[in-house]
Amino acid sequence: MKINAFADVSLRALMVLAAAPGGTLLTTQNIADTVGTPYNHVSKAMAKLRKLGLIDVERGRTGGSRLSHAGRIATVGQILRQLDTRTDAAECVAPGGNCPLLSECKLRSALSRAREAFYRELDGVVIADLPVSRQMEPVFEMIGLRPGL
């Protein structure tokens with residue numbers, strides 16, 4: 001299974017926030033710099049993560065984002081289910097419209113079950129448990145922070 005680019009950026013942003021020293025607010029620009037992704041992409045991801053209640057945001061000159069309590073206990077499987085906008089695991093269209101096999105298709109249901117098995121496997125992975133010191137230290141030093149791991 002492959003996750004989309006938006007989900008990838010969102011998960012990386014959550015990992016950075018999970019590794020930030022307790023209570024530290026990170027700007028969207030800080031996060032974009034640490035994950036090596038354009039600001040606009042990270043900004044959209046942060047807006048969605050806020051809407052999902054996974055991050056807390058403080059506005060203003062000294063504002064930024066931090067992982068919320070819900071974000072600390074969220075699993076990768078839960079997050080990916082919320083970020084996945086596809087209704088079907090397969091693109092069931094043909095050049096002239098819907099696939100003619102669509103009405104009795106067993107492949108669609110098999111792919112849907114496989115996607116859910118993928119998410120179930122990731123239900124045991126808590127986002128806050130993912131970052132490790134040797135991974136995050138160079139990233140935080142780049143933006144002038146010391147990780148609290």
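Visitor: How many helices and strands does the protein chain have?
Guide: This is a predicted model, where local features need pLDDT of at least 70, side-chain atom pairs count only at pLDDT 80 or more, and totals for chains, interfaces and linings use all residues. Numbering starts from 1 along each chain as its sequence is written, and side-chain values use heavy atoms, without hydrogens and water. Elements are DSSP runs numbered from the N terminus: helices are H or I, at least four residues, and strands are E, at least two. The count is 7 helices and 4 strands.

Visitor: In what order do the elements run from the N terminus on?
Guide: Both helices and strands occur in the protein chain. The order is α-α-α-β-β-α-α-β-β-α-α.

Visitor: Which helix supplies the largest share of the largest nonpolar core?
Guide: Such a core is a set of buried (under 20% relative accessible area, 1.4 Å probe, protein chains only) Ala, Val, Leu, Ile, Met, Phe, Trp, Tyr and Cys residues joined through side-chain atoms within 4.5 Å. This one has 32 residues; Leu14, Ile31, Met46 and Ile79 touch the most other members. Several helices supply at least two residues each, including helix 2 (28–35) and helix 6 (106–122). The largest share, 10 residues, comes from helix 1.

Visitor: Which residues does Ile79 touch, not counting those up to four places away in sequence?
Guide: Contact means heavy atoms within 4.5 Å. Ile79 lies in helix 5 (76–83). Its partners are Leu11, Leu14, Leu54, Ala74 and Ile127.

Visitor: Where does UniProt place the feature "signal peptide"?
Guide: The entry is unreviewed, and UniProt annotations may be inferred rather than shown by experiment. In the model, residues 1–18 are 78% helix and 0% strand. The record gives residues 1–18.

Technical notes. Buried < 20%, exposed > 50% of the residue type's maximum accessible area, 1.4 Å probe, protein only.
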